[in-house]
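Student: Could you take me through a close look at one part of this protein? I would like to start with one pair of side chains and then see what lies around it.

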Amino acid sequence: MTINDIVRETIQTLNAQKTPLTPHNYQKTFCQIANRYGFSIEECHLKEKYIKRLNETMQADVSKYSVKTLDELMIYLVSSLNRLTLGNSGKQKVVTITLIKYLLEMIAKFPDQKSRDLANASLERIEHLCDLNSFEIITEKWEQLLASQQSDYLPRLQRIAGSKSGDYMQLLDQIEKALEKQDEREKLDEMAQVVVASLTPSLTQSLDDEIATLSYMLSNAPELLYESDVQQQLKVLIEKRIRIDKNEVKERILSLDEILSEVSVKIVNLIDNTNLSYEKVKEVKQELVGLERNGSDFETIRQKLLKIADTLEFETKQLSDIMSREDAVIAQMQQKIKKLEAALKKAKQESRHDFLTGLVSKRGLDEELNRADKSYRRYNIEYSIGFFDIDHFKNINDTYGHEAGDLILKQLGRLFAELKRDVDIVGRYGGEEFLAILPKTPLEGAQIFAEKIRDRVEKFKFVYKGEGVPVTISAGVASSSEFTTQKALIEEADRRLYQAKNGGRNRVYPPLKVTA
């Protein structure tokens with residue numbers, strides 16, 4: 001039983017009881033299940049943790065009131081605070097500080113990074129120095145944060161909602177109404193996802209190139225589902241997908257058959273010395289004989305199992321020492337297998353993603369470029385690309401060191417990931433150069449995207465060891481509709497990047513035309 005198993009059982013229990021999946025209901029059920037399986041989770045013992053922070057008098061009071069949950073403890077503390085008089089100010093201070101700590105710990109879980117950081121900093125300060133000056137400093141910091149959040153959140157929500165309302169709930173209602181208008185498009189997207197899932201083989205990770213191309217095309221242009229030629233192609237590819245799964249089943253059966261043969265040989269070697277009882281082996285054989293035939297493909301496996309049972313029935317003796325050594329060897333092999341699996345997983349991730357920036361690697365970019373170009377050649381789905389290069393990057397490394405350069409590359413990776421659309425592909429093409437693939441985007445759209453990146457990089461404050469590092473970026477963009485081949489498209493985008501460099505850097509070429 002693992003934590004993931006407890007989480008899964010918690011959700012299943014709430015669904016079975018038809019209990020709303022609220023944070024309170026989830027935590028209560030999660031802790032009950034964890035306790036049943038003997039897990040000690042810190043979040044499930046917060047009540048005891050806070051009670052231990054109280055003085056002995058208040059701990060005695062809490063035990064009298066039979067406080068069972070964290071919410072009941074907070075209600076008790078609030079009630080105690082309201083009942084306090086000027087004569088017991090010491091107790092009032094303890095209750096007040098405990099309540100403030102609880103509120104700060106709740107804020108530390110808010111979905112807002114600034115609030116979480118300030119809550120954690122406030123808790124740390126109270127823990128080390130709990131005096132009037134500390135509370136005044138904390139109060140000032142929270143006032144500053146609340147003032148900044150008002151200016152941060154409201155304009156952004158107003159832009160998204162297309163409204164000047166100053167009420168958060170009203171803005172959210174307006175955003176929900178706007179999203180409801182996109183319901184038909186979302187349903188089409190969902191249908192496309194279902195179709196893509198039906199094309200994906202269920203028993204193997206390999207994906208035929210033709211299936212992969214059509215899946216990529218439908219993910220970016222789901223409206224093509226209405227096209228008759230696409231529907232016909234889907235029928236053909238679904239049949240191919242079924243064939244792929246069938247072939248995979250056959251290969252797995254053959255592999256399992258080989259394993260069973262090896263197991264049979266191993267048991268023959270242990271015939272003369274084993275600690276299994278004769279009666280127990282007979283029971284196993286009877287269970288195997290009683291199995292119903294589930295299909296001709298698996299009949300060979302069933303016969304092999306019966307053969308193993310017959311072999312075990314031949315003779316039984318003691319082999320405790322040998323079995324122990326075999327267990328040790330198996331354990332070592334399992335450890336080696338785990339290490340190899342981890343290394344293989346890491347290698348696959350590194351081959352697809354750049355380890356420093358977290359973006360798509362050069363190899364991944366080449367694959368995505370080929371898919372986008374196939375979609376354009378076959379279905380005329382236009383796409384654009386953009387090369388981005390950090391200006392004077394060598395000077396940055398020479399001045400601040402390669403560690404600073406790596407930090408800037410990593411931060412640029414986050415900026416690209418933040419500003420791109422879900423369908424856009426951005427990766428590290430090499431060194432300080434990045435490539436963006438923009439599906440269903442004309443040249444003007446690529447210029448707008450590149451200009452947004454350039455402006456954000458210029459205004460972003462890159463800091464290394466407390467010192468600001470000025471960083472700018474140049475870009476060259478091109479569209480597939482301008483060229484007859486993918487090679488010509490890539491070469492022209494690269495040439496335009498150097499035109500931007502030679503033109504003074506910190507610019508996009510060709511420049512976006514601004515109309516009055």
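Tutor: Happy to! Keep in mind that this is a predicted model. Let's begin in helix α16, which covers residues 362–379. Asp 373 and Arg 377 sit four residues apart in that helix, so about one helical turn separates them. Their side chains meet in a salt bridge, with 3.1 Å from N to O. How buried or exposed are the two partners? Asp 373 has a relative accessible area of 12%, so it is buried. Arg 377, in contrast, counts as partly exposed because its relative accessibility is 40%. The cut-off helps here: buried means under 20% relative accessible area, and partly exposed lies between that and the exposed class, which is over 50%.

Now look at helix α19, residues 443–459, where you can find another pair with this kind of spacing. Glu 458 and Arg 454 are both in this helix, four residues apart, or about one turn. A salt bridge joins their side chains at 3.0 Å, N to O. Here Arg 454 is the buried partner, because its relative accessible area is 11%. Glu 458 is partly exposed, at 38% relative accessibility. Elsewhere, salt bridges with shared partners link Glu 482, Glu 492, Arg 495 and Arg 496 into one network.

A salt bridge can also join separate elements, and Lys 501 with Asp 389 shows this: their side chains meet at 2.8 Å, N to O. Lys 501 belongs to helix α20 (residues 486–502) and Asp 389 to strand β1 (residues 383–390), so this pair ties together parts that are 112 residues apart in sequence. Are these two partners buried or exposed? Lys 501 is buried, because its relative accessible area is 11%. Asp 389 also counts as buried, since its relative accessibility is 12%. In total, the structure holds 18 salt bridges.

Strand β1 leads us on to the sheet. This is an open sheet of five strands in the order β2-β3-β1-β6-β7, and its pairing is mixed. Which strands stand at the edges? They are β2 (425–430) and β7 (508–509), each with a single partner strand, so one side of each has no neighbour in the sheet. The partner of β2 is strand β3 (residues 433–439): the two run antiparallel, and five bridges join them. One residue to pick out is Gly 430, whose bridge partner in β3 is Glu 433. Between the strands of this hairpin there are two residues, and Gly 431 takes a positive phi near 60 degrees.

Next, try colouring the aromatic side chains. Phe 388, Phe 416, Phe 434 and Phe 449 form one aromatic cluster. Counting pairs of rings with centres within 6.5 Å gives six aromatic pairs.

Finally, turn to the surface and find helix α15, residues 320–352, which contains Met 333. Met 333 counts as partly exposed, because its relative accessibility is 49%. Together with Val 329 and Ile 337, Met 333 makes a nonpolar surface patch of about 270 Å².

To go back to where we started: the salt bridge of Asp 373 and Arg 377 spans about one turn of helix α16, whereas the one between Lys 501 and Asp 389 connects a helix with a strand.

Methods
Residues numbered from 1 in each chain as written. Predicted model: local features only at pLDDT ≥ 70, side-chain atom pairs only at ≥ 80, totals over all residues. Heavy atoms only, no water. Phe/Tyr/Trp six-rings, centres within 6.5 Å; stacked < 30°, edge-to-face > 60°. Patch = residues over 30% accessible without salt bridge, like charges linked within 9 Å, V, L, I, M, F, W, Y side chains within 5 Å. Areas by Shrake-Rupley, 256 points an atom, 1.4 Å probe, with all protein chains shown as cover. Salt bridge = Lys/Arg side-chain N within 4 Å of Asp/Glu carboxyl O. Buried < 20%, exposed > 50% of the residue type's maximum accessible area, 1.4 Å probe, protein only. Pairing = 2+ DSSP bridges.
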